[in-house]
Amino acid sequence: MSWFNKQSRLVQIILLLIPFVNWIVEIYVRVTSVIEKPTLENILGVVFGLIIPIFGWIDLVWVLLFNHLLLCK
């Protein structure tokens with residue numbers, strides 16, 4: 001998770017704009033987040049990220065507004 005947060009906002013947005021790359025980056029960030037801090041919020045983020053394909057686009061808006069992925073702290 002810290003790798004994604006260390007990137008510039010522009011790089012984060014570009015990674016989340018590309019459809020397949022978006023999903024891969026999202027899953028990677030969420031899984032590392034669960035490994036670092038296994039909270040219910042992080043676990044739900046992984047589950048929703050895998051099940052709901054539109055969740056990546058929601059994350060794009062969330063990163064723009066709050067500087068982190070939805071359900072991933």
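**Entry 1: terms and model**

A helix here is a DSSP run of H or I with at least four residues, and helices are numbered from the N terminus. I need this to place L71, which is found in the segment after α5. I note that the model is predicted.

**Entry 2: α2 against α3**

I looked up how two helices pack. Such a pair is described by the angle between the axes and the distance between the axes. Helix α2 covers residues 9-17 and helix α3 covers residues 19-36. I found an angle of about 115° between them, and their axes are 5 Å apart. That makes α2 roughly perpendicular to α3, because angles of 65 to 115 degrees count as roughly perpendicular.

I then listed the residues in this contact. From α2 they are L15, L16 and L17. From α3 they are P19, V21, N22 and V25. Sorted by class, the contact of α2 with α3 has six nonpolar residues, one polar residue and no charged ones.

**Entry 3: α3 by itself**

I checked the length of α3 against what a helix should give. At 1.5 Å a residue, its 18 residues should span 26 Å. The C-alpha atoms at the two ends of α3 are 26 Å apart, so the two values agree.

Which residues of α3 are buried? I wrote down N22, V25, E26, I27, V29, R30, T32 and S33. N22 and V25 are also listed in the contact with α2. What covers the buried residues of α3 includes α1 (2-6), α2, α4 (40-51) and α5 (55-66).

I also looked at Y28, which lies in α3. Its relative accessibility is 46%, so Y28 counts as partly exposed. The C-alpha atoms of Y28 and F4 are 9.4 Å apart, although 24 residues separate the two along the chain.

**Entry 4: aromatic pairs**

How many aromatic pairs does a search of the whole structure find? The search finds four. I noted two of them, F48 with F55 and W62 with F66. A pair of rings is described by the distance of the centres and the angle of the planes.

For F48 and F55, the ring centres are 6.1 Å apart and the planes stand at 50°, so I recorded the pair as tilted. F48 is at 33% relative accessibility and counts as partly exposed. F55 is buried, at a relative accessible area of 6%.

For W62 and F66, the centres are 4.5 Å apart and the planes are at 45°, so this pair is tilted too. Both residues belong to helix α5, where they are four residues apart, which means a separation of about one helical turn. W62 is partly exposed, with a relative accessible area of 26%. F66 is partly exposed as well, with 43%.

**Entry 5: G45**

Is G45 buried or exposed? At 0% relative accessibility, G45 counts as buried, because buried means under 20%. G45 lies in helix α4. I looked up its contacts, leaving aside neighbours within four places in sequence, and found R30, F55 and L71. Of these, R30 is among the buried residues of α3, and F55 is the buried member of the pair with F48. I also noted Y28, whose C-alpha is 11 Å from that of G45, with their positions 17 residues apart in sequence.

**Entry 6: R9**

R9 is found in helix α2. At 33% relative accessibility, R9 counts as partly exposed. Not counting residues up to four places away in sequence, R9 touches V63 and N67. I looked up one C-alpha distance as well: R9 and L64 are 55 residues apart along the chain, and their C-alpha atoms are separated by 8.0 Å.

**Entry 7: two positive phi values**

I checked phi after α5. Most residues other than glycine have a negative phi.

N67 has a positive phi of about 65°, although N67 is not a glycine. Its place is in the segment after α5. At 42% relative accessibility, N67 counts as partly exposed. N67 is one of the residues that R9 touches.

L71 has a positive phi of about 60°, and L71 is not a glycine either. L71 sits in the segment after α5. With a relative accessible area of 22%, L71 is partly exposed. L71 is also one of the contacts of G45.

Note on methods:
Residues numbered from 1 in each chain as written. Predicted model: local features only at pLDDT ≥ 70, side-chain atom pairs only at ≥ 80, totals over all residues. Heavy atoms only, no water. Axes fitted to C-alpha atoms, helices over the stretch in contact; angles between N-to-C directions. Parallel < 35°, antiparallel > 145°, perpendicular 65-115°, else oblique. Contact = heavy atoms within 4.5 Å. Nonpolar A, V, L, I, M, F, W, Y, C, P; charged D, E, K, R; others polar. Expected span 1.5 Å × (residues − 1). Buried < 20%, exposed > 50% of the residue type's maximum accessible area, 1.4 Å probe, protein only. Phe/Tyr/Trp six-rings, centres within 6.5 Å; stacked < 30°, edge-to-face > 60°.
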